[in-house]
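Here is a set of short questions and answers on one protein model. Keep the sequence and structure open while reading.

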Amino acid sequence: MSVERGLALAVVVCATGLLLRLGPGAIRSWQIYAGTARRRQEDATGRAPVQPVGVADRAYLLDPLGYRPLGVTRLILPVGERFAWILAAADAESYAILVDAPAIGGLTGIYSAWLDGTWLATMHPRGQPTDRQGLQVRIVSTTLADAVALQREGLDRLRQTHGAPRPIRTMADMLALDADYRERFGGSRIRPITMRIVVPALVVAVIAVLALVLFLTTT
């Protein structure tokens, strides 16, 4: 075997091993991203598992800030069934989605929407900030109280030009807004994360194919 064929074979073996590690995660990420616009949350109130401690702790902190339990949703993803706990503000101008994320102590998103399609969101403690036509997303890494304060500040600002936000008083209100959000923005919010997972797997796959071609055509 020539040196060139030997190197090509080594690259094929290494790239294949790496692809076996990266490929499944990349496929799952792409499936989640590609189906976001079509996927819908469902009302799972009364059928959800026991509220995780991380969710219960945040619901407790949000209670004196004016957020009350509204219900529970479930979402069927390629990686399985996921639940979220929904709280609505007493003034009906925003709702909070609480999901279990033990690695970061939980994830909370606070949302408000207007009839003209404008959306305002505040994420805690992590997320991808966005400032584009019809969608403003801010990230607060400090406290939930700070996140609520920032959301209300944004509500006051946007109310001057867009009027009162759409009210959220029932689970039906929340689910209608969730469908609107997905139709308008699809997977755009998770596209950067998806690309960071998918692109390396694609690069490794291309390298494996080129190395295999080199191996087969080299004497």
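Q: How many bridges join S3 to S4?
A: This is a predicted model. In it, S3 and S4 run antiparallel. One of the pairings sets leucine 87 against alanine 96 of S4. The number of bridges joining S3 to S4 is four.

Q: Which residue takes a positive phi in the hairpin of S3 and S4?
A: The hairpin has five residues between its strands. A positive phi near 65° occurs there. The residue is alanine 92.

Q: Which residue in S5 stands opposite leucine 98?
A: S4 and S5 run antiparallel. Five bridges join them. Opposite leucine 98 stands threonine 108.

Q: Why is S4 largely enclosed by the rest of the structure?
A: Buried means under 20% relative accessible area. S4 has five residues to judge by that cut-off. S4 is largely enclosed because the number of its residues that are buried is four.

Q: Which element gives the largest share of the largest nonpolar core?
A: Nonpolar side chains tend to be buried together in soluble globular proteins. Here the largest nonpolar core has 18 residues, and Ile86, Tyr95, Ile97, Tyr111 and Trp119 have the most contacts inside it. Strands S3, S4, S5, S6 and S8 and helix H4 each supply at least two residues of this core. The largest share, five residues, comes from H4.

Q: How many residues are in the other core, which includes Leu98?
A: This core lies apart from the largest one. Leu62, Val72 and Leu150 are also among its members. Its residue count is 16.

Q: Which parts of the chain does the salt bridge of arginine 74 and glutamate 42 tie together?
A: The two side chains meet at 2.9 Å, N to O. Arginine 74 is partly exposed at 23% relative accessibility, and glutamate 42 is partly exposed at 35%. Their positions are 32 residues apart in sequence, so the pair ties together strands S2 and S1.

Q: Is glutamate 93 buried or exposed?
A: Glutamate 93 sits in the loop between S3 and S4, and its partner arginine 159 lies in helix H3, 66 residues apart. The closest N and O atoms of this salt bridge are 2.4 Å apart. Arginine 159 is partly exposed at 28%. Glutamate 93 has 18% relative accessibility, so it counts as buried.

Q: What separates arginine 184 and aspartate 180 in helix H4?
A: These residues form a salt bridge, with the closest N and O atoms 2.9 Å apart. Arginine 184 is partly exposed at 42%, whereas aspartate 180 is buried at 13%. They are four residues apart in the helix, so the separation is about one helical turn.

Q: Which helix gives the most to the nonpolar patch?
A: Val11, Val199, Val203 and Ile207 make a nonpolar surface patch of about 280 Å². Valine 199 is partly exposed, with a relative accessible area of 38%. Three residues of the patch come from one helix, H5.

Q: What share of the residues in the protein is buried?
A: The protein has five helices and eight strands. Its accessible surface comes to about 11800 Å², and 62% of that belongs to carbon and sulfur atoms. Of the 219 residues, the buried share is 43%.

Technical notes. Residues are numbered from 1 along each chain as its sequence is written. This is a predicted model: local features need pLDDT of at least 70, side-chain atom pairs count only at pLDDT 80 or more; totals for chains, interfaces and linings use all residues. Side-chain values use heavy atoms; hydrogens and water are left out. Patches are made of residues with over 30% relative accessible area and no salt bridge: like charges are joined within 9 Å, nonpolar side chains (Val, Leu, Ile, Met, Phe, Trp, Tyr) within 5 Å. Accessible areas come from the Shrake-Rupley method with a 1.4 Å probe; for residues, only the protein chains shown count as cover. A salt bridge is a side-chain nitrogen of Lys or Arg within 4 Å of a carboxyl oxygen of Asp or Glu. Buried means under 20% relative accessible area, exposed over 50%, partly exposed in between (1.4 Å probe, protein chains only). A nonpolar core is a set of buried Ala, Val, Leu, Ile, Met, Phe, Trp, Tyr and Cys residues joined through side-chain atoms within 4.5 Å. Two strands pair if DSSP finds at least two bridges between them.
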